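Good morning, everyone, and thank you for letting me take this slot. I would like to walk slowly through one protein chain with you, so please look at the sequence and the model as I go.

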Amino acid sequence: MKKKKFILGLMIIIEIFLIIVIVYQIKSSSIHEPPKRVVIELKGKIIHISSHDDFNMACLKVEKSNYTEYRKETAEFFIRVKDSLAVMVYPASNQSLKIGSEILVNYNHDHQILELEKGDTISKQKIVFFPIGNYIKDSCIPE
């Protein structure tokens, strides 16, 4: 009887351990979680948009930025800036951004993209990361 209780208890502990490991893995592998700290801030206008399955890639004419060149060298990245151009990735579900939209990215390190119209904020969304692979080579900032 003691042996059965011991085995049952051990199985319950192992199941709880596995559940904790699985939940941790799911949380750590989420591609839609914002990074701990995004350092770039910029203001610009969208000059081109290319649509992909679950994300859009916008090319921006940068009006103001705290970086003249910025790039994240991983399989996931949010934005790349070079000289006066930037490439920004955002969810395809955001239909409000269009060519000519004026945006602020990470203003005051708030991890948000603000869409402006005549100086007023008309929409905002969280900064997200997407795995975009080699799509960057077809953007307005080629390799």
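Let me begin with a single residue, Leu-18, which at 45% relative accessibility counts as partly exposed, because the buried class ends at 20% and the exposed class begins over 50%. Before I go on, please keep in mind that this is a predicted model, and that every value I quote is computed from it. Leu-18 sits in helix α1, which covers residues 2-28. On the surface, Leu-18 belongs to a nonpolar patch, together with residues that include Phe-6, Leu-10, Ile-14, Phe-17 and Ile-22, and the patch as a whole has about 870 Å² of accessible area.

Now let us step back to the whole chain. How many helices and strands does the protein chain have? The secondary structure comes to 1 helix and 10 strands, and if you read from the N terminus, the helix comes at the start and the strands follow it. Of the 143 residues in the chain, 34% are buried, while the accessible surface comes to about 9,500 Å², with 59% of that belonging to carbon and sulfur atoms. If we take the contacts with a separation of 6 or more, 61% of them are between residues 24 or more positions apart.

The next topic is the sheet. In what order do its strands lie? There are 8 strands in an open sheet, and going across it we meet β3, β5, β6, β2, β1, β7, β8 and β9, with antiparallel pairing. The edge strands are β3, residues 69-70, and β9, residues 120-126, each of which pairs on one side only.

Starting from the β3 side, β3 and β5 pair in the antiparallel sense over 2 bridges, and there Tyr-70 has Val-81 in β5 as its bridge partner. β5 is then joined to β6 by 4 bridges, again with the strands running antiparallel, and Ile-79 stands opposite Met-88 in β6. These two strands, β5 and β6, form a hairpin with 2 residues between them, and in this hairpin Asp-83 takes a positive phi near 55°. Further across the sheet, β1 and β7 pair over 4 antiparallel bridges, and Gly-44 stands opposite Ile-103 in β7.

Several of the residues I have just named come back when we look at the interior. In soluble globular proteins, nonpolar side chains tend to be buried together. Here the largest nonpolar core has 17 residues, and those that touch the most other members are Leu-42, Ile-79, Val-81, Ala-86, Met-88, Ile-103 and Val-105. The elements that give two or more residues to this core are β1, β2, β5, β6 and β7. Apart from it lies another core, of 5 residues, with Phe-55, Met-57, Val-87 and Val-89 among them.

Let me turn to charged residues. Side chains of opposite charge can pair when their charged atoms come close. The structure holds 2 salt bridges. In one of them, the side chains of Lys-43 and Glu-102 meet, at 3.2 Å from N to O. Because Lys-43 lies in strand β1 and Glu-102 in strand β7, this pair ties together parts that are 59 residues apart in sequence. Lys-43 is partly exposed, with a relative accessible area of 26%, whereas Glu-102 is buried, at 18%.

Another salt bridge joins the side chains of Glu-115 and Lys-98, at 4.0 Å from N to O. Glu-115 is in strand β8 and Lys-98 is in the loop between β6 and β7, so that the pair links distant parts of the chain, 17 residues apart. Is Glu-115 buried or exposed? Glu-115 is buried, with a relative accessible area of 2%, while Lys-98, at 48%, counts as partly exposed.

Finally, Glu-115 leads us to Ser-123, since the two are in contact. Ser-123 is found in strand β9, and at 22% relative accessibility Ser-123 counts as partly exposed. Leaving aside its neighbours within four places in sequence, Ser-123 is in contact with Ser-96, Ile-113, Leu-114 and Glu-115. Ser-96 is 27 residues away from Ser-123 along the chain, and yet their C-alpha atoms are separated by 7.8 Å.

That is where I will stop, and I am happy to go back to any part of the model with you.

Note on methods: Residues are numbered from 1 along each chain as its sequence is written. This is a predicted model: local features need pLDDT of at least 70, side-chain atom pairs count only at pLDDT 80 or more; totals for chains, interfaces and linings use all residues. Side-chain values use heavy atoms; hydrogens and water are left out. Patches are made of residues with over 30% relative accessible area and no salt bridge: like charges are joined within 9 Å, nonpolar side chains (Val, Leu, Ile, Met, Phe, Trp, Tyr) within 5 Å. Accessible areas come from the Shrake-Rupley method with a 1.4 Å probe; for residues, only the protein chains shown count as cover. Buried means under 20% relative accessible area, exposed over 50%, partly exposed in between (1.4 Å probe, protein chains only). A nonpolar core is a set of buried Ala, Val, Leu, Ile, Met, Phe, Trp, Tyr and Cys residues joined through side-chain atoms within 4.5 Å. Two strands pair if DSSP finds at least two bridges between them. Contact means heavy atoms within 4.5 Å.
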